[in-house]
Amino acid sequence: MTLDTVVHGDCLTVLRRLPSEMADLTFADPPFNLAKKYHSYNDRQGQAEYLAWCRAWLRELLRITKPTGSLFVHNIPKWLTHYAAFLNAQADFRHWIAWDALGMPLGKTLMPRHYGILFYAKDRQRQKFYEIRHPHRRCRKCHVLHKDYGGKKPALHPFGPLVSDVWSDLHRIKHASRRAAHPCQLPEAVLERLILMTTDEGDIVVDPFAGTGTTLVAAKKLGRHWLGIELDAGYVAIARDRLLRTQATSRIGDVWVSQVRGTVVTIRDRDWPRLQAYYTIPMPAAALETTPIVLDRRSAAVAVMPPPKVVENLPARRQKTA
Ligand SMILES: C[S@@+](CC[C@H](N)C(=O)[O-])C[C@H]1O[C@@H](n2cnc3c(N)ncnc32)[C@H](O)[C@@H]1O
């Protein structure tokens, strides 16, 4: 199988042709069985039928993931509980990442306010894993830290805290101008975070439900190899077009980082010693409470690139939060 391609086809058929243990990271963002309007896929199946299909591609994803690799699945909590019951028997559970999302009242229920990303190691003892950091959250106008660190201020990390299993700093794509014509396009920054956390430069990322190619774009920006599978010819065209416009340049100096419109949003903890040379850092550390670090754009300019423009070649649809 050729790498760095988007295969037009059914993921089960294509996955079954892939060699075992070829991927460092597998990420699946399947249809949620919520009757969304995809071009080619009928997103309304019986529960038993949907879950049997999910188990079939999960089994293939486990097979193609390396012993050092990681598997991620994005879905609503209802389906993730079934996935977890299946995966727990064959892989090592790492985390249920709660990704904060806008909700809407559905009546006689708690308002759904998060999507889940299940995170499994093929083998916990051998898995590649890097701690990651996100910037301190601050008041937009006055720049004071949101969190009161009390007596711990002198020990603050200049960039920001380690990322937890609740992600509320990365947002869904709300503006039509920033999204392709797909009902469920994910933001690149979510995938970049997963990729930085569990892979190295040159590693292989596989997404069997490529959609508009977000996972593949994220992998390419970060210097990884990628392979996507997508059922719908229109989405394949969008993904290929995005990938043509994407370069492996999301770094500062020789360090791969994730950024959203010029702001670095995820780094690896181990990279900070090399990255800090590109920042002006207020001293002493307690001054971080009111003063953010500033990236020196001239010295970092080689690397910090704006995100690629999405070409809209199909009519946009409105997206609803599950
Ligand atoms: C939730 S979307 C993925 C969106 C993607 N993460 C993005 O950011 O663009 C699910 C995708 O799976 C595709 N799909 C559905 N059934 C498929 C199958 N059997 N094989 C491959 N792709 C399939 C749909 O066409 C849809 O684009």
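The following exchange introduces the predicted model through questions and answers.

Colleague: On what basis are residues numbered, and which pLDDT do local features need?
Modeller: Residues are numbered from 1 along each chain as its sequence is written. This is a predicted model, in which side-chain atom pairs count only at pLDDT 80 or more, totals for chains, interfaces and linings use all residues, and local features need pLDDT of at least 70.

Colleague: How many helices and strands are there in the chain?
Modeller: Helices (H or I, at least four residues) and strands (E, at least two) are DSSP runs, numbered from the N terminus. On that basis the chain has 8 helices and 15 strands.

Colleague: Why is the chain described as being as compact as a globular protein of its length?
Modeller: The radius of gyration is taken over C-alpha atoms, and the globule rule is 2.2 Å times the number of residues to the power 0.38. For 322 residues the rule gives 20 Å, and the chain is as compact as a globular protein of that length because its radius of gyration is close to that value, at 20 Å.

Colleague: What share of the residues of the chain count as buried?
Modeller: A residue is buried if 20 or more other C-beta atoms lie within 10 Å of its own, exposed if 12 or fewer, and partly exposed in between, with C-beta atoms placed from the backbone. Of the 322 residues, the share that count as buried is 38%.

Colleague: How many residues of helix α4 are buried?
Modeller: Helix α4 covers residues 188-198 and is mostly covered. Its buried residues include Glu188, Arg193 and Thr198. The count of buried residues is 11 of 11.

Colleague: Which strands are at the edges of the open sheet of 8 strands?
Modeller: Two strands pair if DSSP finds at least two bridges between them. The sheet has mixed pairing and the order β1-β9-β8-β2-β3-β5-β4-β7. The strands that pair on one side only are β1 (5-8) and β7 (166-167).

Colleague: Which residue of β9 is the bridge partner of Thr5?
Modeller: Strand β9 (residues 225-230) runs parallel to β1, and 4 bridges join them. The bridge partner of Thr5 in β9 is Leu227.

Colleague: What angle does the direction of helix α5 make with that of β9?
Modeller: Axes are lines fitted to C-alpha atoms, for helices over the stretch in contact (C-beta atoms, placed from the backbone, within 7 Å). Angles run from 0 to 180 degrees between N-to-C directions. Helix α5 (residues 214-221) packs on the sheet, touching β1, β2 (23-28), β8 (204-207) and β9, and the angle with β9 is about 170°.

Colleague: Which residues of β8 point the other way from Ile204 and Val206?
Modeller: In a regular strand the side chains alternate between the two faces of the sheet. In β8, Ile204 and Val206 point one way, and these two and the residues pointing the other way are all buried. The latter are Val205 and Asp207.

Colleague: Why is one side of β6 and of β12 left without a neighbour in the sheet?
Modeller: The open sheet of 3 strands has antiparallel pairing and the order β6-β13-β12. One side of β6 (132-133) and of β12 (258-260) has no neighbour in the sheet because each stands at an edge with a single partner strand.

Colleague: Which residues come nearest to the ligand?
Modeller: A residue counts as near if its C-beta atom, placed from the backbone, lies within 6 Å of the molecule. The shell around the ligand divides into 12 nonpolar, 6 polar and 4 charged residues; Ala, Val, Leu, Ile, Met, Phe, Trp, Tyr, Cys and Pro count as nonpolar, Asp, Glu, Lys and Arg as charged, and the others, Gly among them, as polar. Of the 22 residues around the ligand, those that come nearest are Cys11, Phe209, Gly211, Thr212 and Thr214.

How values were computed
Contact = placed C-beta atoms within 7 Å.
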